[in-house]
Structures are given as C-alpha cells and as structure tokens.
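The exercises below are meant to be worked with the sequence and the structure side by side. Each one sets a task and then gives a solution in steps.

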Amino acid sequence: MVLFISLQIYSQYGNVTYTNEASLSFYFKTMKENDPSKFQKFEQMAEYEKEMMGQIDYILKFTYEKSIFKPSIQGDENKQLLKTKQTEGIFYNGPQSNYFYTNRRFKDYNVQLDPIKWELTSESKEILGYTCHRALGAKVYNDSITSDQTIEAWYTRDINVTHGPKGINGLPGLILEAHQGGYHFYAEEIDLDSKQVISKPKKGEEINEAEYYKLMRSAVKN
C-alpha cells in the first residue's frame, strides 16, 4: 500500500489555466498610499498596466518535480498586449531551482527567486471540485529580510505537487488561487491527463530577486 501511494504521487502531471483579476501593482499601490502627488504623475501608467494585466490568461504546466508558468499567447493579439505578455516572462520551478526568466529593457535576465515563508491556516473552501486550504506567506530576501507584502494562496492536497502561479510555490499541494500585489490568480481549468515535458528556459544575466525589482523600479523616474 505504501509503495502504491508513492507511485501515485510521483506520477502527477498536468496543466492549469488561470485568469488574473488584476489590481494596481504593489509598487503603484504603495506610491498612491504614501505619496499621492507623485502617484498622480504616474496614474495613467498604473491604470494602463492594470488594464493590460487583466487581459492575460496564464498556464502552469507541471510534473511532480518541475513546472513552467507563463502567459498564454494567442496569434491574433494586438502588439501592445503581446508585448506585455512577453515582458511577463517565464517562471521555472525544479529541484533546488526557482527562477524567473524575462527580457526587460532590451536585456535577458535569469532571476533567482527567494523562498516564501508560509503559515498554514485551518480555513478551507472548494475550487473546481477540489478542497483547498488557505496559507499566508511572505518572501524572505537574502535569507534574512522578510517582505511586508503578504501572499495568500489556496492549495489542494488532492494534487500532491508543490507548484503554483508566478513563482508562488512550496505548499503541500497544487495552488489553485493566489493573491500577490496586483496579481489575483484564479484557476479556470485543470487537465490532469496531459503529459508534460518541461525544460529550463534560456539563461540571461544572473541576478537575485531583490536586485532585479530594485533595478526595475529605478526605471520609473520622478
């Protein structure tokens, strides 16, 4: 019996399609709360970003050990939406590997993602027929600095993999709903009959997560 359960766990594979009910990004939300006059200068940019993000669907392809998360690209999309999707990048999760690959400001980056410290709660609800449990987490940068941005995730133990959207992973089950900053991911469809072949994306300049977002924020000038 023990051997049978083990084989079941290690044979898990499939894909999940998510929608994103986008809100203002954490950066612009913080700016709006702390410096309203500055936010007024960037309000149009912030609203445009939110509009574009809300139009994007995403797909998570996974095996027991590895996953790839990226925007779902359609051939008939307008150039601005396609450009937004391309800058969203690809998230790869594997044994001892958790990376974000993207091209920003005409340069390829290979971003080493920091871990998430999770707190499991007793709350539960049903999503697409699966019993899901709520967890709250926060990024831990450089093994010591805990982010003040809370991550909320709902995961199901019925699909025993540790993957989730946009580098949000590390829970004892597949994540079907997640909230982080301006992203609000909701699973719309789950396919557990689709076998996946997952490889690491191409590499770019290696940089850690804190350094990458600091660099991206510096692109927004006063």
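**Exercise 1.** Is Glu209 buried or exposed?

*Solution.* Before starting, note that this is a predicted model, in which local features need pLDDT of at least 70 and side-chain atom pairs count only at pLDDT 80 or more, while totals for chains, interfaces and linings use all residues. Residues are numbered from 1 along each chain as its sequence is written, and side-chain values use heavy atoms, with hydrogens and water left out.

Step 1: apply the classes, in which buried means under 20% relative accessible area, exposed over 50%, and partly exposed in between (1.4 Å probe, protein chains only). Step 2: Glu209 has a relative accessibility of 5%, and therefore counts as buried.
Step 3: look for a partner of opposite charge, using the criterion that a salt bridge is a side-chain nitrogen of Lys or Arg within 4 Å of a carboxyl oxygen of Asp or Glu. Glu209 meets this criterion with Lys139, the closest N and O atoms being 3.1 Å apart. The pair joins distant parts of the chain, since Glu209 belongs to helix 5 and Lys139 to strand 8, 70 residues apart; helices (H or I, at least four residues) and strands (E, at least two) are DSSP runs numbered from the N terminus. Step 4: Lys139 also has 5% relative accessibility, so Lys139 counts as buried.

**Exercise 2.** Find how many salt bridges the whole structure holds, and describe the pairs formed by Glu205 and Glu152.

*Solution.* Step 1: a search of the whole structure gives five salt bridges. Step 2: one of them pairs Glu205 with Lys107, whose closest N and O atoms are 2.4 Å apart. This pair links strand 13 (residues 205–208), which holds Glu205, to strand 6, which holds Lys107, across 98 residues of sequence. Glu205 is partly exposed because its relative accessibility is 35%, and Lys107 is partly exposed because its relative accessible area is 37%.
Step 3: the side chains of Glu152 and Arg134 meet in a salt bridge with an N to O distance of 3.0 Å. Here the link runs from Glu152 in strand 10 to Arg134 in strand 8, 18 residues apart. Arg134 has a relative accessible area of 18%, so Arg134 is buried. Step 4: the description is completed by a network of salt bridges that links Glu123, Arg134 and Glu152.

**Exercise 3.** Identify the residues with the most contacts inside the largest nonpolar core, and state which elements supply the core.

*Solution.* Step 1: recall that a nonpolar core is a set of buried Ala, Val, Leu, Ile, Met, Phe, Trp, Tyr and Cys residues joined through side-chain atoms within 4.5 Å. Step 2: the largest such core has 27 residues, and those with the most contacts inside it are Val16, Tyr18, Leu174 and Leu176. Step 3: at least two residues of this core come from each of strand 1 (13–20), strand 2, strand 6 (107–112), strand 8 (130–141), strand 11 (174–180), strand 12 (183–191) and helix 5 (209–217). Strand 12 gives the most, with four residues. As general background, nonpolar side chains tend to be buried together in soluble globular proteins.

**Exercise 4.** Compare the backbone and the surroundings of Leu128 and Lys166.

*Solution.* Step 1: most residues other than glycine have a negative phi. Step 2: Leu128, although not a glycine, has a positive phi of about 50°, and Lys166, also not a glycine, has a positive phi of about 50°. Step 3: Leu128 lies in the loop between strand 7 (116–127) and strand 8, whereas Lys166 is found in the loop between strand 10 (151–156) and strand 11. Step 4: Leu128 is partly exposed because its relative accessibility is 45%, while Lys166 is buried because its relative accessible area is 12%.

**Exercise 5.** Which residue lies 9.9 Å from Tyr101, C-alpha to C-alpha, and 31 residues away in sequence?

*Solution.* Step 1: place Tyr101 in strand 5 (residues 97–104), where its relative accessibility of 5% is why Tyr101 counts as buried. Step 2: the residue at that spacing is Lys70. Step 3: Asn103 also lies in strand 5, and is 8.4 Å from Gly204, C-alpha to C-alpha, although 101 residues separate them in sequence.
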